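Okay, thanks for coming, everyone. I'll put the structure up now, and then we'll walk through it together.

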Amino acid sequence: MVSVCGRCNTQKEVSLPRKQKFTGVCEKCSNPFYLEFRPEPMHPSSFIIGYVDLENCGIFDILPSHYHVTCMECTQITNFKNVSNSDTTVSKYCIHCNSDLAVTIDGIKKIKVKAERAPPPNLEQILQKKKK
């Protein structure tokens, strides 16, 4: 994904593996920022892939991504690599039971959700070091 600094709008490409945090400092203005991807199970009744928690930054673009898809017939996982975030459908067959599998991403919605938790402690440490 491409993040954008909340202060100076400088863009930075960031890789967010699931359940891992990314803390950094803007190369242009030294503004500390934080991103974390929280995946959600996606199924026919819920089309939410996950949430991205942000602090002092925003999301500019979502790059092609890798997805792990569980077959509804045999519960085996199949990997879909470099799936674009546009209106395209990627199809494969399950290597275990030969069922048809497909991934379609109709688009990305950015919805601002109010945070209910404090920023991570390491971000506060970066802010304190910056002030010194």
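Let's start with one residue: which strand does serine 3 lie in? That would be S1, the strand covering residues 2-5. Just keep in mind that we're looking at a predicted model here.

So, is serine 3 buried or exposed? Its relative accessible area is 2%, and because the cut-off for buried is under 20%, serine 3 counts as buried. As for who it touches, skip the residues up to four places away in sequence and you get Thr10, Gln11, Lys12, Val14, Phe33, Leu35, Gly58 and Phe60.

Okay, zooming out. The protein chain has ten strands and one helix. If you read along the sequence, the pattern goes β-β-β-β-β-β-β-β-β-β-α. There are 132 residues in the chain, and 27% of them are buried. On the outside, the chain exposes about 9,700 Å², with carbon and sulfur atoms supplying 50% of that.

What about contacts across the sequence? Take the ones between residues at least 6 apart: 30% of those join residues at least 24 apart.

Last stop is alanine 102. You'll find this one in strand S10, residues 100-104. Which residues is alanine 102 in contact with, once we leave aside its neighbours within four places in sequence? Those are Phe80, Thr89, Val90 and Ser91. And have a look at lysine 92 while you're there: alanine 102 and lysine 92 sit ten residues apart in sequence, and their C-alphas are 6.3 Å apart in space.

That's my tour, thanks.

Note on methods:
Residues numbered from 1 in each chain as written. Predicted model: local features only at pLDDT ≥ 70, side-chain atom pairs only at ≥ 80, totals over all residues. Heavy atoms only, no water. Helix = DSSP H or I, 4+ residues; strand = E, 2+ residues; numbered from the N terminus. Contact = heavy atoms within 4.5 Å. Buried < 20%, exposed > 50% of the residue type's maximum accessible area, 1.4 Å probe, protein only. Areas by Shrake-Rupley, 256 points an atom, 1.4 Å probe, with all protein chains shown as cover.
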